[in-house]
Amino acid sequence: MEQVLKAWSSIGEVVSAEAFGNGHINSTYLLRTQTEKYILQKINTNTFQDVQGLMNNILQVTEYLRKQITAFGGDATRETMQVIRCDSGSPYFTNADGNCWRMFSFVADSVCLKKARTTQDLFECAAAFGKFQYLLNQFPAENLSETIPQFHDTLKRYRDFQQAVQQDKLSRAVLVQQEIDFVCKREQDCGVMLTMQREGQLPLRVTHNDTKLNNVLLDQNTMKGLCVIDLDTVMPGLAANDFGDTVRFGANDCAEDEPDQSKVHFLPQLYRVCVQGFLQQAGQTLTEQEILTLPWGAKLMTLECGMRFLTDYLEGDHYFKISRPQQNLDRARTQFTLVRQMEENWEEMEACSKEYLLEHRR
Ligand code: GN1
Ligand code: MG
């Protein structure tokens, strides 16, 4: 790391560096100098192969957000991420070993939660991502590179899953036949929103695509949503998917990798809170059809994420970081339990959208 830090000599002497956060992909560190804190990240270049394109997206999006936030009277130094360029002026540094690193300023007096402690925490998370989408409503999407092609193409994720089952490189398929069957029964579901989008019923928007609670900072004093982070997957996408991934992660009472499925509960009352938070901010820019497909966003983001975890388990855990064996399998099982319970609560989920429309559109 010493060699890496030389590329940012302008921040002064770094007195400590510690591992930070819970991301599954990049490696994150908190740095302290005598006076300031910074976030240093090693970019996972297996996942993000076009680092130039990735950083270019982040620079464009944060610059645009800074203007928007200022125009709305906010504090742009705290409400969006800020890239700290290297001494050379580049937004990232490539080490002699080929690893790519980047730095962000640390948002003071903010917290990042692993799990919502109160209903309000989840509301704030959904609202922060709703506002993110609202602020980027007019952003020229054609300027963004696709950092991970077909990221939320659920049908492609299904095909990747099928391939992993067929190849069965580690002979694990026999251990997870139930889970495999669960996914196969839902093949038709995977294409529902993609078809609507292709047919012009759902617009593409600039979306975040990874809207879990730990990708938003809350103000430590007010516990209000403050700053959306992890901008690696900002790309054109569907509004309902941004809503849906917040639900996947937050509208339950369990950890993402809970091993005991009897402890996994999808909570419809928290689903409702997500609808309220997201639509409070993004509602006015969304079409009726987008609002009606919110339940699909929740179900498909959860199913897709479960498929991705299961695929990774079958392929030998090379994509998502794990800290114990079977963690990806537990993550997958938890997602499937949540999907089943969403199906059981489908009418209530649909009712939330309908009630919103009745109240706001007629
Ligand atoms: C990854 O990087 P992180 O931990 O915020 C993943 C998301 C998954 C999520 C599951 C680039 O997000 O797509 O939904 O894990 N990010 C990427 O927790 O694949
Ligand atoms: Mg993250």
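**View 1. The shell around ligand 1 draws on both domain 1 and domain 2.** In this predicted model, domain 1 (2–108) and domain 2 (119–360) each supply at least three residues to the shell around ligand 1. Among the secondary-structure elements, helix α12 (residues 294–315) gives the most to this shell, with three residues. By residue class, the shell divides into eight nonpolar, six charged and four polar residues.

**View 2. Ligand 1 in the largest pocket, with the residues that come nearest.** The pocket in which ligand 1 sits is the largest pocket. There are 18 residues around ligand 1, and of these His24, Lys212, Asp230, Glu256 and Tyr319 come nearest.

**View 3. Side chains of Lys212, Asp230 and Glu256 beside oxygen atoms of ligand 1.** An N or O atom in the side chain of Lys212 is 2.6 Å from an oxygen atom of ligand 1, and for the side chain of Asp230 the corresponding distance from an N or O atom to a ligand oxygen is 2.8 Å. Glu256 places a polar side-chain atom 2.6 Å from an oxygen atom of ligand 1. Taken on its own, ligand 1 has 440 Å² of accessible area, of which the protein covers 96%.

**View 4. Ser171 and Asp317, two loop residues with positive phi.** Ser171, in the loop that runs between α5 (154–167) and α6 (177–184), has a phi near 55°, a positive value in a residue other than glycine. Asp317 lies in the loop between α12 and α13 (327–344), and its phi is likewise positive, near 55°, again in a residue that is not glycine.

Notes. Residues numbered from 1 in each chain as written. Chains lettered and ligands numbered in written order. Predicted model: local features only at pLDDT ≥ 70, side-chain atom pairs only at ≥ 80, totals over all residues. Heavy atoms only, no water. Near = heavy atom within 4 Å. Polar contact = N/O pair within 3.5 Å; in protein donor to acceptor, adjacent residues only side chain to side chain. Areas by Shrake-Rupley, 256 points an atom, 1.4 Å probe, with all protein chains shown as cover. 1 Å grid on protein atoms, 1.4 Å probe; cavity = no way out; pocket = protein on both sides within 12 Å on 5 of 7 lines; lining within 4 Å. Sits in = over half its atoms within 2 Å of the grid points. Helix = DSSP H or I, 4+ residues; strand = E, 2+ residues; numbered from the N terminus. Nonpolar A, V, L, I, M, F, W, Y, C, P; charged D, E, K, R; others polar. Domains from an automatic or database assignment.
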